[in-house]
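This report describes how the ligand sits in the protein model. A short note on the backbone follows.

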Amino acid sequence: MSIRYPARVPMANLPTPLEPLDRITAAYSTPHGGPRIWVKRDDLTESAMSGNKLRKLEFIIAEARAQGCNTLITCGGEQSNHCRATALAAAKAGLQAHLILRGGREPRESAVPADGNLLVDYLAGATVSLVPLREYVGHLPALFQHWEQYYAEQGDRALSIPTGGSDGLGIWGYIRAAEELQEDFAHHGISPEYVICASGSGGTQAGLTLGGYLMGAAHLVRAYAVCDNRSYFEEKVARDVLDWNRRQAHPGSQSAVDPHKLSIDVCDEYIGPGYGIADQEVYEVISAAARLEGILLDPVYTGKAFNGMLQDIKNGGYSGCKDIVFVHTGGQFGVFPHRTQFVLDAG
Ligand SMILES: *Cc1c(COP(=O)(O)O)cnc(C)c1O
């Protein structure tokens with residue numbers, strides 16, 4: 001089926017490579033063998049802008065331009081990869097970025113210097129509002145409204161982007177990635193049983209699931225939750241698809257998809273202590289992936305999901321599979337604020 005995409009501002013280096021991870025596959029295979037693990041290198045979409053959020057931002061920034069906006073407002077945690085990518089992509093597109101960040105102190109006013117993604121936010125010239133946790137959780141829509149109105153009063157025009165860029169617009173990025181994966185599979189002559197990703201705000205999962213459905217793909221998309229539970233993500237993916245439907249309601253666009261027709265597959269057993277907090281097992285998997293394959297996973301998203309996938313291979317969860325594909329969604333800047341958690345062999 002040919003998909004009718006909306007406007008897109010090209011920013012990511014696409015297609016990203018699809019590579020086999022044969023040393024990890026061997027190290028984690030079971031007595032009965034196990035699937036060959038592949039990695040889709042969406043950590044390589046760009047350099048500083050890298051990761052999954054850039055695919056979504058290509059469509060979001062095109063929409064911002066279409067609406068005549070000169071400012072992007074978005075939100076996330078203090079170490080949000082999405083906010084960092086938005087700050088840099090805005091700079092590249094000549095737009096202003098305003099980030100509403102959850103928790104923490106104002107680094108410029110405290111002894112603790114900004115680290116990781118937050119440091120890059122400042123370097124990119126984004127305006128940063130650090131909001132205490134309780135206010136953020138209780139009043140996020142009002143905060144967006146406040147800043148939209150503030151920019152309107154300045155004679156600017158702001159587009160508000162939801163958490164993770166995950167809505168019916170942002171998921172176009174991973175519908176497109178699903179199509180790219182089909183081309184990768186044909187190129188490598190494989191027909192994977194599973195495409196696997198981490199789910200935080202659900203948009204990557206929603207785009208991959210919907211995109212696979214639109215193309216009649218043979219694989220299932222399985223997401224490893226890093227925060228909320230399974231029913232949350234089942235509902236969130238359906239909501240993003242309904243929003244996507246609503247936005248297609250004009251002539252010449254894609255026809256609507258009933259979310260009940262999608263296989264929304266979520267595993268919420270490897271969240272560990274909570275969002276952004278990982279068990280030692282996750283840090284060990286990050287070290288192993290770097291040592292064995294030269295790839296850098298992160299403790300918030302990809303390390304947790306990759307660990308879940310490896311545990312499930314061990315438990316027989318992928319028995320009978322020949323090839324499985326892990327989408328490396330980026331997050332490398334999130335490694336550094338966790339520096340004290342790694343057990344290093346200084347040998
Ligand atoms: C945001 C993010 C995810 C999760 O993607 P969602 O679309 O928000 O579910 C996964 N990995 C990394 C590195 C991320 O930054």
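## Ligand shell

The ligand is surrounded by 16 residues, and those that come nearest are Lys-53, Lys-56, Ser-201, Thr-204 and Thr-329; a residue is near if one of its heavy atoms lies within 4 Å of the molecule. The model is predicted: local features need pLDDT of at least 70, side-chain atom pairs count only at pLDDT 80 or more, and totals for chains, interfaces and linings use all residues. Residues are numbered from 1 along each chain as its sequence is written, and side-chain values use heavy atoms, with hydrogens and water left out.

By class, the shell holds two nonpolar, twelve polar and two charged residues. Here Ala, Val, Leu, Ile, Met, Phe, Trp, Tyr, Cys and Pro count as nonpolar, Asp, Glu, Lys and Arg as charged, and the others, Gly among them, as polar.

## Polar pairs and burial

On the oxygen side, one ligand oxygen atom lies 2.5 Å from a polar side-chain atom of Ser-201, and a polar backbone atom of Gly-202 is 2.8 Å from an oxygen atom of the ligand. A side-chain N or O atom of Thr-329 is 2.6 Å from a ligand nitrogen atom. The protein buries 98% of the 380 Å² that the ligand exposes when taken alone (Shrake-Rupley method, 1.4 Å probe).

## Contributing elements

At least two shell residues come from each of helix H2 (53-66), strand S7 (194-199) and helix H7 (203-214). Helices (H or I, at least four residues) and strands (E, at least two) are DSSP runs, numbered from the N terminus.

## Cis peptide

Leu-14 and Pro-15 are joined by a cis peptide bond with omega about -5°. Pro-15 belongs to the segment before strand S1 (18-20).

Definitions and conventions: Polar contact = N/O pair within 3.5 Å; in protein donor to acceptor, adjacent residues only side chain to side chain.
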